[in-house]
Amino acid sequence: MWEEREAVMRRSSKIVSNPKPQPDYSFITDKGHKVIITSQDSITLNETVSTYKVETTRIKSSEEPQQAVVINIEEDWCQKDSQRQCMEKLSLAGEIAAGTLHEIKNPLTSIQGFVQLIENSFDENDSRRHYTRIITGEIERLNRLLTSFMVFAKPHPAKVDSNSINVLIEDVFPLIESKASMNSVAIVKELDNTLPDIMFDKEQLKQVIINISNNAIDAMEDSGGKLYIKTSDGNNGYLKIDIQDTGKGIQPSLIPNLFKPFNSTKKDGLGLGLSISKRIMESHSGYIKVDTKPGEGTRFQVFLPKNKVVT
Amino acid sequence: MNNDSETKILIIDDQEGIRQLLREVFKDSGYSIFTAANGKEALEIASSEKPQLAMLDMKLPGMTGIQILEQLKKTNPDLKVIMMTAYGDAQTVNKAIGLGAICCMFKPFDIFEVKSRVNEILLERQHDCCLS
């Protein structure tokens, strides 16, 4: 056992002096977590489900010629603990939301069906058909909302397969071309044909590319412009898809909340596109980077890890 | 009791509104409509009435739609089954198709399309009908 001559429990740290490499030293934190120090340079926090390794800092004391170790565990522990609890809560909230949204679709089916029956009972020229059509239209809108919420609350499990990001872009192209054309936006593709196939869920990545491209086109709706879609090797262990527009750019005040849900500047926007995209990228161990200049345009970079290359 | 000449449809959904709706939809179609709110009722009616077609919700209390489908197909392999779901979960839909369901309708559906597809299936004109 290490000799605990100067063990001070503070809010976020514990100092252990004279840390000679000896068998495991352990103590209980004020939160009841058992901490096991396994070496001079690291400690292990043991919990029923997880093990965390936390860096320590060696210090020298004038009174104690030998080194002491400051173990900053509480903050890290608390952070990880709350992250885990937060993830569990989010996951539970997602399950509840998905279940609730699903249950709403049942009464919606009955409402839509009976409205259709009512409408059908009116003569062709009956003015009341106008009302039933409004109801039907609103039901369709509600259904679209629910479907978007469901994707956000509980994304479909990924079907990861070996895919080419260039084929992905080619597949997405027809889906964004008409919107681009309607907004006088020209799409410029620059695809690196030497890139390897990598593992990803094509449908989910399609959604990411469509979401970002649609935003880019929306940013140019008044002026028209160019949408550059480029694939390349990020040279950082990731393949990269650049989606760059020549639109109005994103106001700096909006950047911090860019990927947060229900955050939209569009008239009928739900504000879920980028948060869903971020979630999808995280589930692929990838990430999204944004550069923007107000008045000049925005570049989104989507990074997908290469490490699961299929040959 | 069991008139072989009439076409019978069994609607299996725990939602009263959906059962009533589909009854109304097929009211004047000449089919005999039976409804069940759970798997137990569904299997009893399927056994006594021997319907030609079943419309089966995926999510039910007790037995799931998939479990009911398995039982229905076991006792009556010729039964045409249309699955109904509000989830749109591709894996479950594929499982149902693999177990012999003809197609899946995603809620909320257009009742006139439902009616027309059911007619087509009963006339064996069409076997793939995914409505969304």
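Visitor: How many residue pairs in polar contact does the rule find across the interface of chain B and chain A?
Guide: In this predicted model, the rule finds six such pairs across the interface, with both residues at pLDDT 80 or more; a polar contact is a pair of N or O atoms within 3.5 Å, one able to donate a hydrogen and the other to accept it. On the side of chain B that touches chain A, helices H1 (16–25), H4 (90–98) and H5 (111–122) of chain B each give two or more residues, and H1(B) has the largest share, five residues.

Visitor: Why do the side chains of Glu103(A) and Lys59(B) count as a salt bridge?
Guide: Their N to O distance is 3.1 Å, and the rule asks for a side-chain nitrogen of Lys or Arg within 4 Å of a carboxyl oxygen of Asp or Glu, so the pair qualifies. The rule finds one salt bridge across this interface.

Visitor: What makes up the area that chain B and chain A bury between them?
Guide: About 1,700 Å² is buried, 63% of it on carbon and sulfur atoms, where buried area is the accessible area (1.4 Å probe) lost by the two parts on being put together, summed over both. Ala86(B), Tyr87(B) and Pro108(B) supply 32% of the area that chain B buries against chain A, more than any other three residues.

Visitor: How many residues of each chain are in contact?
Guide: With contact taken as heavy atoms within 4.5 Å, 18 residues of chain B are in contact with 19 residues of chain A.

Notes:
Residues numbered from 1 in each chain as written. Chains lettered and ligands numbered in written order. Predicted model: local features only at pLDDT ≥ 70, side-chain atom pairs only at ≥ 80, totals over all residues. Heavy atoms only, no water. Polar contact = N/O pair within 3.5 Å; in protein donor to acceptor, adjacent residues only side chain to side chain. Helix = DSSP H or I, 4+ residues; strand = E, 2+ residues; numbered from the N terminus.
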